Amino acid sequence: ASWGVVGRTRMQVSGNIKEGIWAHPWTGRTLVLEAKNAVLKNRLNGYVALTDTAISSLKGGTGGTVRFSIYLAGNLVYKTTVSSKRPYQDISLPLRNVSGTPLHLAVAIEADDIQSLHFVFDLWGGSDSAKHAVSAQAR
């Protein structure tokens, strides 16, 4: 199996089954997911999380830090860190003057030590994520 595969999934997160995009970070590299013509509304709503499987497999229940960033048209608009201490975070990011305009949306995912970091996120509130063609590559 390749950890470089990114795709839609339903996984257990914080005890609940959640829809999202599964993306496993790579040690020492940045996983970048891009939607070159994303048509967005006035807000990105979703979450970032480590799956329950990732949390249970972390050695000693600690570690597992993932850095998550969102870029719109090349500009950093959101950045957070997800870890075993804070494995789930809601995102509600207001966007100005973008509703209906196709934009280059990029998400960057990084980790220093991947351990078993099964990472999942959603920026479109569930089923809307299927509307965006997303490509992925490690840099």
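Is Ser14 buried, partly exposed or exposed? Select Ser14 and keep that question in mind while we get our bearings.

**Before you click around**

This is a predicted model, in which local features need pLDDT of at least 70 and side-chain atom pairs count only at pLDDT 80 or more, while totals for chains, interfaces and linings use all residues. Residues are numbered from 1 along each chain as its sequence is written, and side-chain values use heavy atoms, with hydrogens and water left out.

**Stop 1: Ser14**

Ser14 is partly exposed, because its relative accessible area is 45%. Here, buried means under 20% relative accessible area, exposed means over 50%, and partly exposed is in between (1.4 Å probe, protein chains only). You'll find Ser14 in the loop between β1 and β2. Its phi is positive, about 50°, although Ser14 is not a glycine.

**Stop 2: the whole chain**

Now switch to a cartoon view. You should be looking at one helix and 10 strands. Helices (H or I, at least four residues) and strands (E, at least two) are DSSP runs, numbered from the N terminus. Trace the chain from that end and the elements go β-β-β-β-α-β-β-β-β-β-β.

Of the 139 residues in the protein, 43% are buried. Take the contacts (heavy atoms within 4.5 Å): among those between residues at least 6 apart in sequence, 76% join residues at least 24 apart.

**Stop 3: colour by confidence**

Colour the model by pLDDT, the predictor's confidence in each residue, from 0 to 100. The mean for the protein is 78, and 78% of the residues reach 70 or more. Among the elements, strand β6 (residues 75–82) has the highest mean, 92, and strand β10 (residues 135–138) the lowest, 56. Then select residues 126–130: pLDDT stays under 50 there, and the model has nine contacts beyond four places in sequence for this stretch.

**Stop 4: the five-stranded sheet**

Show β1, β2, β9, β4 and β7 together. They form an open sheet in the order β1-β2-β9-β4-β7, with antiparallel pairing. β1 (7–13) and β7 (88–94) are at the edges with a single partner strand each, so one side of each has no neighbour in the sheet. From one strand to the next, the twist averages 35°. (Axes are lines fitted to C-alpha atoms, for helices over the stretch in contact, and angles run from 0 to 180 degrees between N-to-C directions.)

What holds such neighbours together? Strands of a sheet pair through backbone hydrogen bonds, either parallel or antiparallel. In this tour, two strands pair if DSSP finds at least two bridges between them.

Walk across the sheet, one pair at a time:

- β1 and β2 (residues 16–22) are antiparallel, with seven bridges; zoom in on Thr9, opposite Gly20 in β2.
- β2 and β9 run antiparallel and are joined by two bridges; Ile21 has Phe121 in β9 as its bridge partner.
- β9 and β4 pair in the antiparallel sense over four bridges; look for Tyr47 opposite Asp122 in β9.
- β4 and β7 are antiparallel over seven bridges; here Leu44 has Leu93 in β7 as its bridge partner.

Stay on β4 for a second: six of its eight residues are buried. Then select β9, which is covered on both faces. Phe119 and Phe121 on one side, and Val120 and Asp122 on the other, are all buried.

**Stop 5: the nonpolar core**

A nonpolar core is a set of buried Ala, Val, Leu, Ile, Met, Phe, Trp, Tyr and Cys residues joined through side-chain atoms within 4.5 Å. The largest one here has 28 residues. Show Phe68, Ile70, Ile109, Phe119, Phe121 and Leu123 as sticks, since you want the residues with the most contacts inside that core. At least two core residues come from each of β3 (30–39), β4 (43–50), β5 (66–72), β6, β7, β8 (102–110) and β9 (119–122).

Centre on Ile109. Leaving out residues up to four places away in sequence, the residues that Ile109 touches include Ala23, Pro25, Leu31, Leu33, Phe68, Phe119 and Phe121.

**Stop 6: two more loops**

Go to Ala73, in the loop between β5 and β6. Ala73 has a positive phi, near 50°, and is a residue other than glycine. With 46% relative accessibility, Ala73 counts as partly exposed.

Finish at Ser84, in the loop between β6 and β7. Ser84 is buried, because its relative accessible area is 17%. Draw a distance from Ser84 to Leu58: they are 26 residues apart in sequence and 8.0 Å apart in space, C-alpha to C-alpha.
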